Amino acid sequence: MTEIYSQILKAKVENRKLLAVLLDPDKIIWDQLNHQIDRINQSPATHVFIGGSLVESGRMDELIEAIKQKCNLPIVLFPGNPSQISNKADAILFLSLLSGRNPDYLIGHQVAAAPVLKKSSLEIISTGYLLIESGSETAVARVSKTRPMDRDNLELVVATAQAGEMLGNKLIYLEAGSGARKAVPLQLIESVSRNVAIPLIVGGGIMDAVGIQIAYNAGADLVVIGTAFEKDFNFFNSYNQ
């Protein structure tokens with residue numbers, strides 16, 4: 001089944017911008033979860049992403065089930081390692097960290113996950129993942145032991161995204177990192193968007209509605225909001241798409 005990816009492709013063709021709320025299971029305040037889900041339902045979000053660089057909570061299934069009871073949005077896993085796979089979700093971004101050269105995150109974790117995913121009902125969406133320098137060390141860089149790409153080296157980032165597309169990735173994800181000081185630069189989003197045909201996801205360091213719209217205008221097809229919503233469940237109150 002490729003329903004979720006087909007919907008993303010259709011939205012790109014129709015120039016409909018998508019928005020994902022990213023929830024980290026380790027950062028969930030459980031007695032506030034129902035309120036958090038209500039705010040997601042009232043937001044312009046089109047997807048819920050679940051995951052983190054290092055998830056130690058053993059409540060992944062419980063979290064997804066709780067969301068599904070009150071929210072009809074597709075739930076997509078955004079895993080940092082194979083332990084974050086849950087068959088309760090609808091799809092998984094099958095990530096390869098193309099910006100780094102740590103074999104564990106290029107192919108090692110993917111090999112470990114493949115037998116589990118083969119037996120699951122999850123829609124598997126191959127995603128080229130590029131970590132972009134953001135002014136501070138992020139959890140992704142720390143856990144993956146890779147250096148982010150120079151935010152000013154447009155040529156190298158574009159070539160890396162193109163390589164991911166040529167390798168068969170269905171999505172390219174430009175990531176500044178959770179809690180990043182600086183979002184992915186506008187010019188970088190524009191350059192990648194112009195030079196790959198597959199949908200482009202942008203996340204990290206986007207702290208307000210203006211930042212979301214800037215990313216859209218630059219060519220992002222789907223924007224991910226994590227830390228900003230995590231800190232303020234009313235983040236979307238003033239959002240006007």
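A residue is called buried when its relative accessible area is under 20%, exposed when that area is over 50%, and partly exposed in between. The exercises below apply these terms to a predicted model.

**Exercise 1. Determine which residues of helix 8 are buried and how they are arranged around the helix axis.**

Solution. Begin with the extent of the element: helix 8 covers residues 209-218, and its buried residues are Gly211, Ile212, Ala215, Tyr216 and Ala218. Next, look down the axis of helix 8, where these buried residues fall within an arc of 165 degrees, so that they line one face of the helix. The spacing can be understood from a general property: an α-helix has 3.6 residues a turn, so residues three or four places apart point the same way. Then turn to the other side of helix 8, where Val210 and Asn217 are exposed. Finally, ask what the buried residues pack against, and the partners prove to be strand 1 (18-23), helix 7 and strand 8 (222-225).

**Exercise 2. Describe what is found at the N-terminal end of helix 8 and what follows the helix.**

Solution. At the N-terminal end, Asp208 acts as a cap, with a side-chain oxygen lying 3.3 Å from the backbone nitrogen of Val210. After the helix comes Gly219, for which phi is positive, near 125 degrees.

**Exercise 3. Identify the nonpolar surface patch to which Val210 belongs, and classify Leu186 as buried, partly exposed or exposed.**

Solution. The patch is formed by Leu186, Val210 and Ile214, which together have about 260 Å² of accessible area. Of these residues, Leu186 is placed in helix 7 (residues 186-195). The relative accessible area of Leu186 is 41%, and this residue is therefore partly exposed.

**Exercise 4. Locate Asp221, decide whether this residue is buried or exposed, and list the polar partners of its side chain.**

Solution. Asp221 lies in the loop between helix 8 and strand 8. With a relative accessible area of 9%, Asp221 is buried, because the cut-off for that class is under 20%. The side chain of Asp221 makes a polar contact with the side chain of Lys12 at 3.1 Å, and also reaches the backbone nitrogen of Leu200 at 2.8 Å. When residues up to four places away in sequence are not counted, Asp221 touches Lys12, Arg16, Lys17, Leu18, Ile198, Pro199 and Leu200.

**Exercise 5. Place Gly135 in the chain and classify its exposure.**

Solution. Gly135 sits in the loop between strand 5 (123-131) and helix 5 (139-144). Its relative accessibility is 29%, so Gly135 counts as partly exposed. Gly177 is 42 residues apart from Gly135 along the chain, and the C-alpha atoms of the two are separated by 10 Å.

Notes
Residues numbered from 1 in each chain as written. Predicted model: local features only at pLDDT ≥ 70, side-chain atom pairs only at ≥ 80, totals over all residues. Heavy atoms only, no water. Patch = residues over 30% accessible without salt bridge, like charges linked within 9 Å, V, L, I, M, F, W, Y side chains within 5 Å. Areas by Shrake-Rupley, 256 points an atom, 1.4 Å probe, with all protein chains shown as cover. Salt bridge = Lys/Arg side-chain N within 4 Å of Asp/Glu carboxyl O. Helix = DSSP H or I, 4+ residues; strand = E, 2+ residues; numbered from the N terminus. Buried < 20%, exposed > 50% of the residue type's maximum accessible area, 1.4 Å probe, protein only. Arc of directions from axis to C-beta. Contact = heavy atoms within 4.5 Å. Polar contact = N/O pair within 3.5 Å; in protein donor to acceptor, adjacent residues only side chain to side chain.
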